[in-house]
Amino acid sequence: MPRHGIVVIDMLNDFVGENASLRCPGGEQIVPNLQKLFTWVRERNARGLDDIQLIHVQEAHRKNDADFRVRPRHAVKGTWGSDFIKELYPQGEEYTIPKRRHSAFAHTDLDLYLREENLDTVVVTGVWTNVCVRSTASDALYNAYKVITLSDGVHSKNDEMHEAGLRDLSIFTKVMPIDEYIQAWESGLDPWVGGGDQENKVK
């Protein structure tokens, strides 16, 4: 049976909300969808099922991080901006991974954690679709994981960036909405089946 790690990318104060220094307006749209997903996963976990796990990824830059050479200063470690938004705060023993680069795999222990927990599928959610989400998904494939993108669980600065990101992600991941993902699990199916673009149809 498949084992999934739902990687929640950068749902932080400096990305989501009117006071965010690097605001991603689309991030506000997906909060209710992710709340629904979190509730479903947590209810499963409460029943002793660990085949789906929430993994919270948190940008936590150093003060003079190289990232600030090309982007505004944001999510400095230990600041309010680097903290998770209250609506999607980690709970209990849910794993939290700090990162300093776009990909949640870059110089972090995400790959180690996934292997320790025998999670074979990476499910990407969060912000931005065309930057950190895409980079994380690409590195997941690089590390030989199956990859799913939850289309209404990711977003970007605007719809154009979001749609462009999804189009790229559809080449090498399974792109599907949250309700379809949940329904597949509830029906005893592997949601990842049919992922990617083996026939080169994506335009």
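Hi everyone. When I say contact today, I mean heavy atoms within 4.5 Å. Please keep in mind that this is a predicted model.

Let's begin with Ile6. Leaving aside residues up to four places away in sequence, Ile6 touches Leu37, Val41, Ile52, Gln53, Leu54, Ile55, Val123, Thr125 and Tyr181.

So where does Ile6 sit in the bigger picture? It belongs to the largest nonpolar core, which has 31 residues. Ile6 is among the residues with the most contacts inside that core, along with Met11, Leu37, Trp40, Leu150 and Tyr181. Several elements each give two or more residues to this core: strands E1 (4-9), E2 (52-59), E4 (121-127) and E5 (146-155), plus helices H2 (31-46) and H6 (178-186). Which of them gives the most? That is H2, with six residues.

There is another core too, lying apart from this one. That core has 23 residues, including Ala104, Cys132, Val133 and Ala140. As general background, nonpolar side chains in soluble globular proteins tend to be buried together.

Now, for those of you who like pockets. The largest pocket has a volume of about 210 Å³, and H2 and E2 are the elements that give two or more residues to its lining. E2 gives the most here, with three residues. In total, 13 residues line the pocket, and Asn45, Gln53, Leu54, Glu93 and Glu94 lie nearest its centre. What is the make-up of that lining? It divides into five nonpolar, four polar and four charged residues.

One last link between the two topics: Gln53 and Leu54, both touched by Ile6, are also among the residues nearest the pocket centre. Thanks, everyone!

Key: Residues numbered from 1 in each chain as written. Predicted model: local features only at pLDDT ≥ 70, side-chain atom pairs only at ≥ 80, totals over all residues. Heavy atoms only, no water. Core = buried A, V, L, I, M, F, W, Y, C linked by side-chain atoms within 4.5 Å. Buried < 20%, exposed > 50% of the residue type's maximum accessible area, 1.4 Å probe, protein only. Helix = DSSP H or I, 4+ residues; strand = E, 2+ residues; numbered from the N terminus. 1 Å grid on protein atoms, 1.4 Å probe; cavity = no way out; pocket = protein on both sides within 12 Å on 5 of 7 lines; lining within 4 Å. Points joined across faces, edges and corners; volume = space filled by probe spheres on them. Nonpolar A, V, L, I, M, F, W, Y, C, P; charged D, E, K, R; others polar.
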